[in-house]
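Colleague: I'm in my first year and still learning to read models like this one. Please pick one spot, take me through it slowly, and then show me how to look at the rest in the same way.

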Amino acid sequence: MWFAAILLVVATLGMIALVRGNASIRLLADVTVHLPESPPRVSIVVAARDEAAGIEAGLRSLLAQDYPDYEVIVVDDRSCDATPQILAAMTKFDARLTVVRIDELPPNWLGKNHALERGAERASGSILVFADADVILTPDVLSRAVSHAYAGKRDHLALAPDIAARSLVLSMFMSAFTLFFTLYARPWKAPDPRSRCFIGIGAFNLVRTEVYRAVGGHARIALRPDDDIKLGKIIKDAGFSQEMLFGRGLMSVEWYPSLGAVARGLEKNSLAGVDYNVGAMLAGTLAQLAFFVWPFAAFAFAGGASWLLYLATCAVLLGGHAVLARRLGSPAWYAFGLPAMAIVFFVILWRATFITLRDGGINWRGTHYSLAALKSNRV
């Protein structure tokens, strides 16, 4: 009974923080476009490796922005599919598009991080935007983002996109993953200089160029598979201002096409998320099971006061998840998948941990990176 009571108190406090915190994060759609008289030049940098399936649609949306002064730099990182041909054809129709080709990866670099660094070197803008190759933006996203960054005097602005999913199960998993991630990262605290919380989103990280240079750019995080959020960390640690907005309705990306793809994709950065500390992974996943699975299992057979406490805990968890889902434009009933998705996420994390330890590192896009080298790049 006492354990059930503790779970209820902690779950209630956590869900209150989650609901209030996410309610405080602004929607990009609510931002009014009000650019300076002479808008700063923006350089959008995209790393691409074998992105033939989605890069054309993504680039067309980037090149359709209504912002008055920007360029798009795509760094083709050793692509072996039709990506080079697609890029070559697109450069003929838009002078704002520049393509940089990389044929060899230097030592002590992850491919994507090296590509983004190379792209930033070529940038002529006073603002950098690091974007995924397949993110789809409405034409006003860049104008809204720059307007908000200037109005709020933000050095770094991350935008969270809608996640497109091909199946109901994948949609429910993404909804639960968002809950786990926001409870872990607490992005609503990122703007607070007194908080140690930080944020970064790979789909859209806007950074003032001088700030990017000041913190060491991607060279500081050359071997970080979680480069997007760690870019946010080194920016926050250096005392610069940052914030995250929800891009709901204005930007979308298909993170992974299936749960199997999610499991394979998270092989590279699951352990990185806890700085390769297996003990921290164990503690975190046990807490995940205790809070998001056990109350639902115990509710089925507990009795008396414990049954009521577990019932209340389940209601609090489902209610908090439902509110978050609605905030992000998903059906509230996705919350009912929470315990099952928590188990799936547990399996994915430990599968990734086992493979990383077994292989002595990660295998990402055709390149092996040793665990010793990955651990050496702490930030």
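**A close look at Ala190**

Modeller: Let's start with the company that Ala190 keeps. Skip the neighbours up to four places away in sequence, and Ala190 is in contact with Cys197, Phe198, Ile199, Lys236 and Gln242. Keep in mind as we go that this is a predicted model.

Where does Ala190 sit in the chain? Look for the loop that runs between helix H6 and strand S8, the strand that covers residues 204-208. Is Ala190 buried or exposed? Its relative accessibility is 1%, and buried means under 20%, so Ala190 counts as buried. You can also use Ala190 as one end of a ruler: put the other end on Arg122, 68 residues away along the chain, and the two C-alpha atoms turn out to be separated by 29 Å.

Now step back into helix H6 itself, which covers residues 168-185. Phe177 has its place in this helix. With a relative accessibility of 19%, Phe177 still counts as buried, because the cut-off is 20%. Again leaving out residues up to four places away in sequence, Phe177 touches Trp255 and Phe345. There's a nice sequence-versus-space example here too: Phe177 and Ala342 are 165 residues apart in sequence, yet 8.3 Å apart in space, going from C-alpha to C-alpha.

Let's look at the rings next. The model holds 13 aromatic pairs. One of them joins Phe177 and Phe345 in an edge-to-face arrangement, with 5.5 Å from centre to centre and 90 degrees between the planes. Phe177 belongs to helix H6 and Phe345 to helix H13 (residues 338-359), so this pair links parts of the chain that are 168 residues apart. What about the burial of Phe345? Its relative accessibility is 9%, so Phe345 counts as buried.

Phe345 has another partner, Phe180, and that pair is stacked: 5.5 Å centre to centre, with 10 degrees between the planes. Because Phe180 lies in helix H6 and Phe345 in helix H13, the pair ties together parts that are 165 residues apart in sequence. Phe180 has a relative accessibility of 9%, which means that it counts as buried.

Which residues make up the aromatic cluster around here? Phe173, Phe177, Phe180, Phe181, Trp255, Tyr256, Phe292 and Phe345 form one cluster. Try colouring those side chains in your viewer.

A few other spots are good practice. Ser147 is found in helix H5, which spans residues 141-151. Its relative accessibility of 4% makes Ser147 buried. Leave aside the neighbours within four places in sequence, and the contacts of Ser147 are Val31, Thr32, Val33, His34 and Leu35.

Then come two residues to check for their backbone angles. Arg78 isn't a glycine, but its phi is positive, near 60 degrees. You'll find Arg78 in the loop between strand S2 (70-77) and helix H3 (83-91). Its relative accessible area is 14%, so Arg78 is buried. Tyr276 isn't a glycine either, and its phi is positive at about 60 degrees. Tyr276 is in the loop between helix H9 (259-265) and helix H10 (278-292). At 7% relative accessibility, Tyr276 counts as buried.

Finally, zoom out to the whole chain. It has 14 helices and 12 strands. Along the principal axes, the C-alpha atoms fill a box of roughly 70 × 50 × 40 Å. For 379 residues, a compact globule would have a radius of gyration near 21 Å, and this chain agrees because it has 21 Å. Buried residues account for 53% of the 379. The distant links around helix H6 fit into a wider count: of the contacts with a separation of 6 or more, 81% are between residues 24 or more positions apart.

And what does the outside look like? The accessible surface comes to about 16200 Å², and 60% of it belongs to carbon and sulfur atoms. As for charge, the chain has 37 positive and 32 negative side chains, and the centres of those two sets lie 6 Å apart.

Key: Residues are numbered from 1 along each chain as its sequence is written. This is a predicted model: local features need pLDDT of at least 70, side-chain atom pairs count only at pLDDT 80 or more; totals for chains, interfaces and linings use all residues. Side-chain values use heavy atoms; hydrogens and water are left out. Helices (H or I, at least four residues) and strands (E, at least two) are DSSP runs, numbered from the N terminus. The radius of gyration is taken over C-alpha atoms; the globule rule is 2.2 Å times the number of residues to the power 0.38. Buried means under 20% relative accessible area, exposed over 50%, partly exposed in between (1.4 Å probe, protein chains only). Contact means heavy atoms within 4.5 Å. Accessible areas come from the Shrake-Rupley method with a 1.4 Å probe; for residues, only the protein chains shown count as cover. Lys and Arg count as positive and Asp and Glu as negative; His and the chain ends are not counted. The place of a charge is taken as NZ of Lys, CZ of Arg, CG of Asp or CD of Glu. Rings of Phe, Tyr and Trp (its six-membered ring) pair if their centres lie within 6.5 Å; planes under 30 degrees apart count as stacked, over 60 as edge-to-face and the rest as tilted.
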